[in-house]
Amino acid sequence: MADRKPRVLDRRDWASHPELWKGRVEGHTLGTGATVLFYATEEVGVGPKWHVHPYDEIFIIREGRALFTVGDERFECEAGQIVFGPAGIPHKFVNLGPGRLETTDIHVSDRWIQTDLPDPDLG
């Protein structure tokens with residue numbers, strides 16, 4: 001651990017959108033065990049599709065409102081709330097609007113590992 005040093009990442013190092021908080025930093029690039037994803041959309045009804053990770057995930061709702069589905073449970077959440085998604089439990093969320101949804105998602109892994117699944121709601 002002695003070879004780890006403080007670092008600063010510029011927006012161009014992680015962002016996938018020129019204006020919205022959207023992109024990711026994988027922990028292995030910093031020598032740490034957490035990966036952080038930034039998600040943002042202004043489109044109501046849009047969000048990450050049904051998927052699963054082999055590690056826990058913590059969602060921080062920074063702006064807006066979202067409908068989270070984690071396993072068999074659904075939660076209507078808003079800015080300031082935090083949602084826990086346990087490892088191995090499929091999940092998704094969508095922007096409920098009005099306006100922008102922004103989340104910061106902490107993946108308890110040094111890499112982003114995601115398996116997309118058929119959405120049971122789309123039958």
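In the predicted model, F68 is in contact with F59, I61, E73, R74, F75, C77, V83, K92 and F93, once neighbours within four places in sequence are left aside. F68 belongs to strand β5, which runs over residues 65-70. Its relative accessibility is 1%, so F68 counts as buried, the limit being under 20%. L96 stands 28 residues from F68 along the chain. The C-alpha atoms of F68 and L96 are 9.8 Å apart.

One of the contacts of F68 is K92. K92 is part of strand β8, which spans residues 91-95. With a relative accessibility of 12%, K92 is also classed as buried, because this value is under 20%. Beyond four places in sequence, K92 contacts P48, K49, W50, L67, F68, T69, D119 and D121. Two of these partners, D119 and D121, also make polar contacts with K92. The side chains of K92 and D119 meet at 2.7 Å. The side chains of K92 and D121 meet at 2.8 Å. R74 is 18 residues from K92 in sequence, and their C-alpha atoms are 9.7 Å apart in space.

D119 lies in the segment that follows β10 (115-116). Its relative accessible area is 16%; D119 is therefore buried, as the limit is under 20%. The side chain of D119 also reaches the backbone nitrogen of D121, at 2.8 Å. D119 and D121 are thus linked to each other, and each has a side-chain polar contact with K92. Outside the four nearest places in sequence, D119 touches W50 and K92. W50 appears in the contact list of K92 as well.

The chain holds a cis peptide bond between G97 and P98. The omega angle of this bond is about -5°. Most peptide bonds are trans. P98 sits in the loop that connects β8 (91-95) to β9. Strand β9 itself covers residues 101-107.

The largest pocket has a volume of about 290 Å³. Its lining comprises 20 residues, and those closest to the pocket centre are L37, Y39, P48, W112 and Q114. P48 is also a contact of K92. Four strands each supply at least two lining residues: β1 (23-25), β2 (35-41), β4 (57-63) and β9 (101-107). The largest share comes from β2, with 3 residues. By class, the lining is made of 7 nonpolar, 7 polar and 6 charged residues.

The UniProt record, an unreviewed entry, annotates residues 44-106 as "domain: Cupin type-2". In the model, this span is 57% strand and 0% helix. Its end C-alpha atoms lie 23 Å apart.

A contrast to the buried residues is found at P6. P6 is placed in the segment before α1 (11-14). Its relative accessibility is 82%, so P6 counts as exposed, for which the value must be over 50%. P6 is 78 residues from F84 in sequence. The C-alpha atoms of P6 and F84 are 28 Å apart.

Key:
Residues are numbered from 1 along each chain as its sequence is written. This is a predicted model: local features need pLDDT of at least 70, side-chain atom pairs count only at pLDDT 80 or more; totals for chains, interfaces and linings use all residues. Side-chain values use heavy atoms; hydrogens and water are left out. UniProt positions are given in the numbering used here, feature names are shortened, and annotations may be inferred rather than shown by experiment. On a 1 Å grid over the protein atoms alone, a cavity is a set of points where a 1.4 Å probe fits but cannot get out, and a pocket is an open set with protein on both sides within 12 Å along at least five of seven lines; lining residues have an atom within 4 Å of a point. Grid points are joined across faces, edges and corners, and a volume is the space filled by probe spheres set on the points. Ala, Val, Leu, Ile, Met, Phe, Trp, Tyr, Cys and Pro count as nonpolar, Asp, Glu, Lys and Arg as charged, and the others, Gly among them, as polar. Buried means under 20% relative accessible area, exposed over 50%, partly exposed in between (1.4 Å probe, protein chains only). Contact means heavy atoms within 4.5 Å. A polar contact is a pair of N or O atoms within 3.5 Å; within protein, one must be able to donate a hydrogen and the other to accept it, and residues adjacent in sequence count only if both atoms are side-chain atoms.
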